[in-house]
Amino acid sequence: MRDLGPGPFILTMNGGSSSIKFALFRDENPLVRVVRGMIDRIGLPDGEMVISNIMTEQSEHRVLKKPDHATCVNLLVEWLERNVGIGSLRAIGHRVVHGGSKYSRPEPVTSAMLAELRRISPYDPEHLPSEISLIEAFSLRFSSLPQFACFDTAFHRDMPRVARLLPIPRRYDKMGVQRYGFHGLSYAFLMKELARVGKKDDVNGRIILAHLGNGASMAAVKDGKAVDTTMGFTPTSGLPMSRRSGDLDPGLVSYLARTEGMSVDQFHKMVNTESGLLGVSELSPDMRDLLAQEQSDSRAAEAVALFCYQARKWIGALAAVMGGLDTLVFSAGIGENSPVIRARICDGLEFLGMALDELRNQAGQGVISKEGSGVTVRVIHTDEESEIARMTAQCLCGGPD
Ligand code: ADP
């Protein structure tokens with residue numbers, strides 16, 4: 001792959017347990033994304049790597065036999081060596097889902113940070129171990145290349161104490177068991193976009209940011225500060241998601257243990273991979289599939305209805321926290337692409353001053369509420385990779401804003 005232009009470049013890594021998304025940005029002001037890539041089905045017999053040159057729209061596909069994280073890093077490094085030369089890489093920025101109570105801003109990766117992330121890995125076994133293994137694999141190959149960790153929890157770290165406190169025995173709070181909140185890189189990006197595209201004072205109003213993708217959450221932002229969010233100690237809580245349950249009655253844990261002998265691991269697997277849209281529909285975790293089947297299958301219809309109902313309920317709760325609502329932002333796969341879900345979520349929120357404009361909602365860009373309505377509803381495309389690259393570039397220049 002040629003035509004990537006001269007370096008230096010910043011590589012961004014967004015690693016999950018079974019997939020890695022990455023991007024290469026030319027380190028200019030503003031940053032220019034030149035490559036996007038994805039390694040999918042890690043750990044399965046038929047993994048796949050796709051790398052696309054954004055300038056030329058050329059793509060390379062490669063089938064991988066049972067790839068693990070270290071193999072993926074090696075393949076990516078080989079690709080970088082062939083196409084840009086490792087010498088032209090300035091830094092790597094990693095998305096790190098959980099920063100615990102210690103990390104509230106992007107920081108250079110150090111051995112002390114890795115030790116802390118290993119210590120808090122039980123907070124989020126779905127994400128942290130694979131993120132640590134990616135960072136370690138890069139350190140092994142390039143010990144002198146700077147790596148930075150950009151934390152999804154950081155956006156919410158200044159939430160008021162009352163929003164962070166969990167109503168369980170106090171000793172757990174001291175041990176770091178609190179509401180953290182996630183999707184912070186997406187929220188940081190959306191706030192910047194709102195400042196760019198909105199009216200002068202929009203970012204200082206009462207805002208709900210709704211990140212509705214496979215993972216789904218909402219954040220309440222008032223006077224430019226995060227004040228509450230739907231996710232909690234782990235990304236399993238809050239709204240129902242593609243495969244995650246969202247909030248549940250805690251009594252379910254002991255009930256299922258007593259009646260079905262369900263173990264901790266089985267419960268963890270159920271609420272993280274077998275619940276949400278997939279669990280209720282028994283058909284698919286994918287909203288598009290469910291919308292296509294809701295007329296013919298009542299399980300699909302119920303899953304979609306539950307998602308919209310819970311989203312509406314959370315908007316009401318977060319608006320109550322802020323004493324009202326000025327701006328609602330829809331984002332991520334479902335929020336950006338589904339007019340019908342947006343309409344169903346907003347239906348019934350007229351008491352807050354919400355009124356969608358049908359044509360604008362169908363068009364799905366910019367403001368989608370009626371002129372003069374009490375709440376401005378917007379669709380904004382989120383871009384976590386850009387936010388990681390921007391944070392990394394800022395760290396290289398001496399620190400985040
Ligand atoms: P991730 O959280 O993995 O990044 P995305 O933000 O891409 O996921 O969101 C994926 C979700 O978005 C899936 O449920 C998918 O069905 C949904 N989605 C994408 N396009 C549409 C659409 N046109 N209508 C409804 N849902 C959509």
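Me: Which atom of the ligand should I look at beside the side chain of Asn214, and how far apart are the two?

Reply: Look for an oxygen atom of the ligand, 2.9 Å from an N or O atom in the Asn214 side chain. A polar contact here is a pair of N or O atoms within 3.5 Å; within protein, one must be able to donate a hydrogen and the other to accept it, and residues adjacent in sequence count only if both atoms are side-chain atoms. Asp286 places a polar side-chain atom 2.5 Å from a ligand oxygen, and a polar backbone atom of Ile334 is 3.3 Å from an oxygen of the ligand. Alone, the ligand would expose 580 Å², and the protein buries 73% of that (accessible areas by the Shrake-Rupley method with a 1.4 Å probe; for residues, only the protein chains shown count as cover).

Me: How far can I trust this, and how do I find the residues?

Reply: This is a predicted model, in which local features need pLDDT of at least 70 and side-chain atom pairs count only at pLDDT 80 or more, while totals for chains, interfaces and linings use all residues. Residues are numbered from 1 along each chain as its sequence is written, and side-chain values use heavy atoms, with hydrogens and water left out.

Me: Which helix gives the most to the shell around the ligand?

Reply: That is α12, with 4 residues. Helices (H or I, at least four residues) and strands (E, at least two) are DSSP runs, numbered from the N terminus. Both α10 (287–293) and α12 (332–337) supply at least two shell residues. Of the 13 residues around the ligand, Asn214, Asp286, Met287, Arg288 and Gly333 come nearest (near means a heavy atom within 4 Å).

Me: How should I read the sheet?

Reply: Strands of a sheet pair through backbone hydrogen bonds, either parallel or antiparallel. Two strands count as paired if DSSP finds at least two bridges between them. In this model, 6 strands make an open sheet with mixed pairing, in the order β11-β10-β9-β12-β14-β13. β11 (225–229) and β13 (366–367) are at the edges with a single partner strand each, so one side of each has no neighbour in the sheet.

Me: In what sense do β9 and β10 pair, and over how many bridges?

Reply: Strand β9 (residues 206–212) and strand β10 (residues 216–222) are antiparallel, over 7 bridges. To see one of these pairs, find His211, whose bridge partner in β10 is Ser217.
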